[in-house]
Each structure stands twice: as C-alpha cells, then as structure tokens.
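Notebook open, viewer open. I want to look up a handful of things in this chain and jot them down as I go.

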Amino acid sequence: MIAETVCSAVAAAGLGIAAVTAYRKRFLAAARLAAYALVPLGLVLTGAVEWVAETAFSPTAWAGFGVLGAAWLLFMTTRAVERRTGGTRKERRAARAAQREAVAPAASAPSLGPAAARPAGRSEAKPRKAGPADDFSDIEAILKKHGI
C-alpha cells in the first residue's frame, strides 16, 4: 500500500513538472516528462507494483529466481564453450573431414627464378642456339622436378 502511494505521488509530481515545462514552450521535453511520469501510475493501476511487493517477500519466488539464474548461467557457459571449440559436434566433425581432404601433398622447394633453372655447368658467356629440342627442355626439367 505504501508503494502504491509513493508511485502515485511520483506520477503527480512528474506531471506537474511536465506542465511547467509545457508552459515554458518546451513541448517535446514536456511530452517526454509526462511519459516518464505516467509509467509508475500505469504500474500501480495494472497491479504490477502489488505483485512485485508480494514477490519480494516470498521464499518460493526467490527460489524461482535462483533456478532461472542457474539456467541462464548454464546457457551462457555452454554458448561460450561452443564458440571456443568451434560449434556443435556435427560441425567439428565436418570441419575435420574437410581439413583432411584439403591437405596437399608435400610441395617441392620453390624455384628462385630463371637463373636457378639453368644447370650450374653453363656459362653466361656462350649463348646457345635454341633448337627444337631446347624449347621443351625447361618444361621437361620442371616436370621432372615435380615428379611428373
């Protein structure tokens, strides 16, 4: 009963402040103040204040809040673990299978450019004539290097 009286007094004071604000030609601010002032009055008229007052002194209600808190804690913990480990069991299994399929065979050492493709015995001073057999020698060397 005291809570209803306090809420009604707060609503009346808020509406009074809203009226003074509207008198000063600040209608938008006055409308916002009136909206805030009507919230406690609406809570009293719907019975929400009485329900909260009864719930605050009920051990059964507090046990219910405890159970809800435990459920929320479990939910949030499982979500955090799921995000950390990478999803559900089915998603992890699919990711492992995709990883196994995506593994490439061992690659050979990378080439260092056109100078590395030439044999060490050749000198730069003597340019050779490119014959029909020499056109494919570089390609054959690359294919042999990769085991093809």
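Below are my entries, from the overall fold down to single residues.

**Entry 1: the overall layout.** First a reminder to myself: this is a predicted model. I counted elements and got 7 helices and 0 strands. Reading from the N terminus, the order is α-α-α-α-α-α-α. Then I checked burial: of the 148 residues in the chain, 8% are buried.

**Entry 2: helix 1 and a partner in space.** I picked Glu4, which sits in helix 1. Is Glu4 buried, partly exposed or exposed? I get 21% relative accessibility, so Glu4 goes down as partly exposed, since the buried class needs a value under 20%. I also looked up how Glu4 sits relative to Pro40: the two are 36 residues apart in sequence, and their C-alpha atoms are 8.7 Å apart in space.

**Entry 3: the loop after helix 1.** Helix 1 covers 2-23 and helix 2 covers 27-46, and Lys25 is in the loop between them. What is phi of Lys25? It comes out near 70 degrees, a positive value in a residue that isn't glycine. I noted that down because most residues other than glycine have a negative phi. Lys25 has 64% relative accessibility, so I list Lys25 as exposed.

**Entry 4: helix 3, two residues.** Trp51 and Thr55 make a nice pair to look at. Trp51 is in helix 3, and Thr55 is in helix 3 too. Their exposure reads quite unlike: Trp51 has 53% relative accessibility and therefore counts as exposed, whereas Thr55 has 11% and is therefore buried. What lies 2.7 Å from the backbone oxygen of Trp51? I found a polar atom of the Thr55 side chain there.

**Entry 5: the nonpolar patch.** Trp51 turned up again here. Together with Val52, Trp62, Phe65 and Leu68, Trp51 makes a nonpolar surface patch of about 590 Å². Which helices supply at least two residues each? My answer is helix 3 (48-56) and helix 4 (59-85). Helix 4 gives the largest share, 3 residues.

**Entry 6: the positive patch.** Next I went after charge on the surface. Arg89, Lys90, Arg93, Arg96 and Arg100 gather in a patch of positive charge there. I took Arg93 as one of its members and looked up its place, which is helix 5, residues 89-102. With a relative accessible area of 52%, Arg93 is over the 50% cut-off and so is exposed.

**Entry 7: recap for later.** Two surface patches are on my list: the nonpolar one with Trp51 among its residues, and the positive one that includes Arg93. I also flagged Lys25 for its positive phi and the Trp51 backbone oxygen for its 2.7 Å distance to a polar side-chain atom of Thr55.

Note on methods: Residues numbered from 1 in each chain as written. Predicted model: local features only at pLDDT ≥ 70, side-chain atom pairs only at ≥ 80, totals over all residues. Heavy atoms only, no water. Patch = residues over 30% accessible without salt bridge, like charges linked within 9 Å, V, L, I, M, F, W, Y side chains within 5 Å. Areas by Shrake-Rupley, 256 points an atom, 1.4 Å probe, with all protein chains shown as cover. Salt bridge = Lys/Arg side-chain N within 4 Å of Asp/Glu carboxyl O. Lys, Arg positive; Asp, Glu negative; His and termini not counted. Charge placed at Lys NZ, Arg CZ, Asp CG, Glu CD. Helix = DSSP H or I, 4+ residues; strand = E, 2+ residues; numbered from the N terminus. Buried < 20%, exposed > 50% of the residue type's maximum accessible area, 1.4 Å probe, protein only. Polar contact = N/O pair within 3.5 Å; in protein donor to acceptor, adjacent residues only side chain to side chain.
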